[in-house]
Amino acid sequence: MALQDLLDQNKTWAEQRLVEDPEFFRRHVAGQKPRILLIGCSDSRVPAEQILACGPGELFVHRNVANVVSYNDVNISAVIQYAIENLHIEDIVVCGHTQCGGVAAACAQTLGDGYVADWLLITTWAKRWVDERLAAEGRSPDRDEYLSLVVEENVRLQVKHLSHLALVRKSWRNHPGVPRLHGWVYDIASGRIKVIVEPTSIKNEVDEVAKG
Ligand code: CO
């Protein structure tokens, strides 16, 4: 069987965990108390737990193509609702990454006519804003820098979408400022994370909601 090596790796992994910590699995059976909700890209090079040096039980994770927060996506809405209302998670991070194929496709406008095209329509707004800013500055960066700028703008855009979700605003009314929203970009070339959006940048939205 082609996947036998993965099943063998799983067996070895589980055995090693027990050697290191006999209570490892028993603790997880008892429940979860993850520290954050991380919304990341499906890209195989950005495994959430590994890049943050976390183990099972530490992160609540949702991943999709280009880490998009879409208003009419029941999937992500259910994840966010569960994170806020059941797990009482106080920090939500949108984590994009450099060399993102989804963002690159949106930039190159080579989306074709399938589901990927529909999905990434949202990301084309990030490209549009970067284009406008560069035109105003009279700048034309090379392809890599351009893609990085759109990746960052896409993270800002998705954090903004989070801040507009009824679910998040309901939580802000009851617990001002919680969940705190963050935007990060993981650099595939160095493994390092750059902070793009800090919770303080959302303060105006939080205040506005609190005023009703
Ligand atoms: Co990506």
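Start by selecting the cobalt ion in this predicted model. Three side-chain atoms coordinate the ion: SG of C41, NE2 of H97 and SG of C100, at 2.0 to 2.3 Å. Read along the sequence, these donor residues follow the spacing C-x55-H-x2-C. Now colour the strands: C41 sits in β1 (residues 36-41) and H97 in β3 (residues 91-97), so this pair ties together parts of the chain that are 56 residues apart in sequence. Switch on a surface and look for two of the donors. C41 is buried, at 6% relative accessible area, and H97 counts as buried too, at 1%.

Next, pick H161, which you'll find in helix α7 (residues 143-164). Is H161 buried or exposed? With a relative accessibility of 10%, H161 counts as buried, since the cut-off is under 20%. Show its neighbours: leaving aside residues up to four places away in sequence, H161 touches V69, Y71 and I122. Zoom in on V69, because its backbone oxygen is worth a label: a polar atom of the H161 side chain lies 2.9 Å from that oxygen.From V69, step back along the chain to N67 and A66. N67 is in the loop between β2 and α4, and A66 is found in that loop as well. Check the backbone angles here. Most residues other than glycine have a negative phi. A66, however, has a positive phi, near 70°, and N67 has a positive phi near 40°. Both residues are hidden on a surface view: A66 counts as buried at 0% relative accessibility, and N67 is buried at 1%.

Now for the rings. How many aromatic pairs does a search of the whole structure find? The search finds five. Select W13 and F25 to see one of them: the pair is edge-to-face, with 5.8 Å from centre to centre and 75° between the planes. W13 belongs to helix α1 (residues 4-20) and F25 to helix α2 (residues 24-29), so the pair ties together parts twelve residues apart in sequence. W13 is partly exposed, at 35% relative accessible area, and F25 is partly exposed at 28%.

Then jump to F60 and Y82. Here the ring centres are 5.9 Å apart and the planes are at 35°, so this pair is tilted. F60 lies in strand β2 (residues 59-64) and Y82 in helix α4 (residues 74-86), which makes this a link between distant parts of the chain, 22 residues apart. On the surface view, F60 counts as buried at 16% relative accessibility, while Y82 is partly exposed at 38%.

Go back to W13 and add F24 to your selection. Ring pairs link W13, F24 and F25 into a cluster.

For another ring, select W125 together with R128. R128 lies over the face of W125, at 4.2 Å from the ring centre.

Next stop: P179, in the loop between α8 (166-174) and β4 (180-186). Look at the peptide bond leading into P179. Most peptide bonds are trans. The one from V178 to P179 is cis, with omega near 10°.

Finally, zoom out and colour by domain. The domain assignment splits the chain into domain 1 (1-30) and domain 2 (33-211). Taken over C-alpha atoms, the centres of domain 1 and domain 2 are separated by 31 Å.

Technical notes
Residues are numbered from 1 along each chain as its sequence is written. This is a predicted model: local features need pLDDT of at least 70, side-chain atom pairs count only at pLDDT 80 or more; totals for chains, interfaces and linings use all residues. Side-chain values use heavy atoms; hydrogens and water are left out. Rings of Phe, Tyr and Trp (its six-membered ring) pair if their centres lie within 6.5 Å; planes under 30 degrees apart count as stacked, over 60 as edge-to-face and the rest as tilted. Helices (H or I, at least four residues) and strands (E, at least two) are DSSP runs, numbered from the N terminus. Buried means under 20% relative accessible area, exposed over 50%, partly exposed in between (1.4 Å probe, protein chains only). A charge sits over a ring if NZ of Lys or CZ of Arg is within 6 Å of the ring centre and within 35 degrees of the ring normal. Donors are N, O and S atoms within 2.8 Å of the metal (3.2 Å for Na, K and Ca); water is not among the atoms, so sites may look incomplete. Domain bounds come from an automatic or database domain assignment. A polar contact is a pair of N or O atoms within 3.5 Å; within protein, one must be able to donate a hydrogen and the other to accept it, and residues adjacent in sequence count only if both atoms are side-chain atoms. Contact means heavy atoms within 4.5 Å.
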